[in-house]
Amino acid sequence: MPTVSDSLLHYRPWRGEFRGPIHGSLAMARLSLLLLARRKLFWGLYALALMIFFFFFYGQYLVVWIQEQTSQQTVQFGGIPVKVGDLTKFLDRLNLNGSAHTFGNFIWFEGYIVMIVMALAGSVLVGNDFAHGSLPFYLAKPIGRRHYLFGKFLALGLFLNLVTTVPALVLFLQAGLLYDWQSYYFDHLREFAGILGYGLALTLTLGTLLLATAVWVRRTVPLIMVWTGMFVLARLLASMLVEGAKLDARWKLIDLWNDLYLVGLWCLGASRESIRGDQPEFWEAAAACGVVIVLSLLYLRKRIQAVEVIS
Amino acid sequence: MESPLLLFEQVSKWYGSVLALNQVTLELRGGITGLVGANGAGKSTLMKLATGQVRPTLGRVTVSGVDAWHWEARRLVGYCPDLDAFYEDMTGREFVRAMADLCGYPAAEAKRRTEATLERVGMTDRANRKLRGYSKGMRQRIKIAQALLTDPPLLVLDEPLSGIDPVGRQELLDLFRALAAQGKALLVSSHELEELEKLTNHVAIVARGRIAAVGTLGKIREMLDDYPLSVRIDLEGAKDAARLLLALDEVTGVDIDRESLTVRAKSPKSFYRDFGDLVVREGLVVHRLEPLDDSAHAILGYLLGGSGKT
């Protein structure tokens, strides 16, 4: 260690302007993303999310190529001549045609990865700070409690959108290039805005809900259990109630991911009739998401006011 | 008059039904103040209030006039908590840099400050190692580095010497003294009273949620009139001196061990005055005078009514 006087000489005072605590939130978001990026598991899950994206990406291309080039040609399948177009009929379920349902379905399927990633991210980014007592380091810096949580929210939101909104926008761009791009982009502005709207709904709902649950349960395993309860068990229960017990379609509102899917399709401009199965109204799904956001924010507000670092 | 660097005004803090701090009033303007007290006395709560980690139930805590709970006050305070729960995957340099970013500095300044503080705590050459591989002492230095980032006028250090080897301890003590010499106020809690005494003579003693005493150890000892002072005196002619000392009203007993006396006196203040007069009047040749019970440990023992063990 150098002598103290030597060290102090190098420590000249700074005369610049401090940036506000919002920049502290950005720094917190950057730090959070860095922490996520250090975990191999997240890269594995991100790779899975990319696989779903590439399935849709090449699927869109394949469908157009088959339609344009080989739909009337036949191939031998088990010794039977079959039209190429018929072989790819299963892809019709996914609507790989640059329509509202293409993007809705894409984000729906990404949901499986999103749920796992969010549960782990919540425990790593928020739960650990509470459970292991690292909060004093952050809260002793010139940021407020809400800036701390906002930073975590930004990190979660960015990761969420990297898995859903950003790839969906790439699919939108690709769809335009596969068809007549000038007319596609102009005719499908609603879909473009819808993707952004869907992303916003996902970010607000899942971001606030995850922060609230992570602040509540703090540890990884309970967080995953709560998250699984909300997104797996609730979905099974909703399905049993509506499709099994033939109860009112509104019971599907307990399935939050389905609610977000409906809100997303609403944003994308899909007609309600084009959605399979009994579903609640779009506005009812939006109201359910709104209730989740409000309850999460109220809980966070209560915790922000009360949060004190007591070890 | 300028606002004190740290001011507690009639501050009480309840955790549920537990009263952690009870109507504490404290003012720090500079220098090093040791915070001592038994476990559960309220030291940590006091430090958390000073750094805006917890909010007072009653009263007000301000740092240079700014409410300690407000985020702006935290630019004026550096806090080194006793916990060391880091993100273990990060290197020491990354951790300190992340903390500098949180302080609101632009990137270049955050980098410069990171390097400056790492250098200051002697960690520059080891800062690229992951935190999980650090010894307790290295972790302690990293915690101190992040507390120094804003070059704050007030430093609150919770057990900063814990786990540091004797050489490193001396280096940090020198650093703390240098910071105090710059006009900063340091509030340092430590269980190791001997180390704390090397650092400062000014202490705040916390007992059962109250500030039992604030001031220099000597002043506090003087106020403890109920407890007899024990002083060891090495002098020539011990037997004669013992006789003269026993004639003083203040002296309650004297033990003789060859040329050394152990004197018990009622009041430190009166004893030192009367003993000074006696030395001059009788021409005593005193080689050594050592108070045996005005150490922080002994004073704490008197105040807490026990051993003083923290």
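Which residue of β13(B) does I256(B) stand opposite? In this predicted model, the residue opposite I256(B) is L261(B) of β13(B), and the pair offers a convenient way into chain B. The strands concerned are β12(B) and β13(B), the latter covering residues 260–265, and they pair in the antiparallel sense over six bridges. Both belong to an open sheet of four strands of chain B, whose order is β12-β13-β11-β14 and whose pairing is antiparallel. Since β12 (251–257) and β14 (286–291) of chain B stand at the edges with a single partner strand each, one side of each is left without a neighbour in the sheet. From one strand to the next, the twist averages 20°.

Helix α8 of chain B, residues 238–246, lies across β11 (229–235), β12 and β13 of that chain, and runs at about 170° to β12(B).

The wider frame of chain B can now be described. Chain B contains ten helices and 14 strands, and its C-alpha atoms fill a box of roughly 75 × 45 × 35 Å along the principal axes. Of its 310 residues, 47% count as buried. Among contacts in chain B between residues at least 6 apart in sequence, 67% join residues at least 24 apart.

The nonpolar interior comes next. The largest nonpolar core has 155 residues, and A50(B) and L187(B) are those with the most contacts inside it. The element that gives the most to this core is α5(A), with 13 residues. Leaving aside residues up to four places away in sequence, L187(B) touches L6(B), L28(B), T33(B), L35(B), M47(B), A50(B) and V156(B). Another core, of twelve residues, lies apart from the largest one, and A241(B), L245(B), V251(B) and L261(B) are among its members. In soluble globular proteins, nonpolar side chains tend to be buried together.

Helix α5 of chain A, residues 100–132, packs with helix α11 of chain A, residues 220–244, at an angle of about 145°, with the axes 9 Å apart. The crossing of α5(A) past α11(A) is right-handed. On the α5(A) side the contact is made by M115(A), M118(A), A119(A), L120(A), G122(A), S123(A) and G127(A), while α11(A) brings T220(A), L223(A), I224(A), W227(A) and F231(A). By class, the residues of this contact comprise eight nonpolar, four polar and no charged.

Between the two chains, 35 residues of chain B are in contact with 37 residues of chain A. On the side of chain B that touches chain A, at least two residues come from each of α2 (92–102), α3 (107–120) and α5 (166–181) of chain B. That side of chain B has 17 nonpolar, five polar and 13 charged residues.

Of these helices, α2(B) repays a closer look. Ten of its eleven residues are buried, so α2(B) is largely enclosed by the rest of the structure. The buried residues in α2(B) are G92(B), R93(B), F95(B), V96(B), R97(B), A98(B), M99(B), A100(B), D101(B) and L102(B). Their cover draws on both chains, and includes α2 (21–37) and α6 (135–139) of chain A together with α3 and α4 (136–147) of chain B. After α2(B) comes G104(B), whose phi is positive, near 95°.

Definitions and conventions. Residues are numbered from 1 along each chain as its sequence is written. Chains are lettered from A and ligands numbered from 1 in the order in which they are written. This is a predicted model: local features need pLDDT of at least 70, side-chain atom pairs count only at pLDDT 80 or more; totals for chains, interfaces and linings use all residues. Two residues are in contact if their C-beta atoms, placed from the backbone, lie within 7 Å. Ala, Val, Leu, Ile, Met, Phe, Trp, Tyr, Cys and Pro count as nonpolar, Asp, Glu, Lys and Arg as charged, and the others, Gly among them, as polar. Axes are lines fitted to C-alpha atoms, for helices over the stretch in contact, and angles run from 0 to 180 degrees between N-to-C directions. A crossing is left-handed if the near helix is turned anticlockwise from the far one by less than a right angle, and right-handed if clockwise. A residue is buried if 20 or more other C-beta atoms lie within 10 Å of its own, exposed if 12 or fewer, and partly exposed in between; C-beta atoms are placed from the backbone. A nonpolar core is a set of buried Ala, Val, Leu, Ile, Met, Phe, Trp, Tyr and Cys residues joined through C-beta atoms within 7 Å. Two strands pair if DSSP finds at least two bridges between them.
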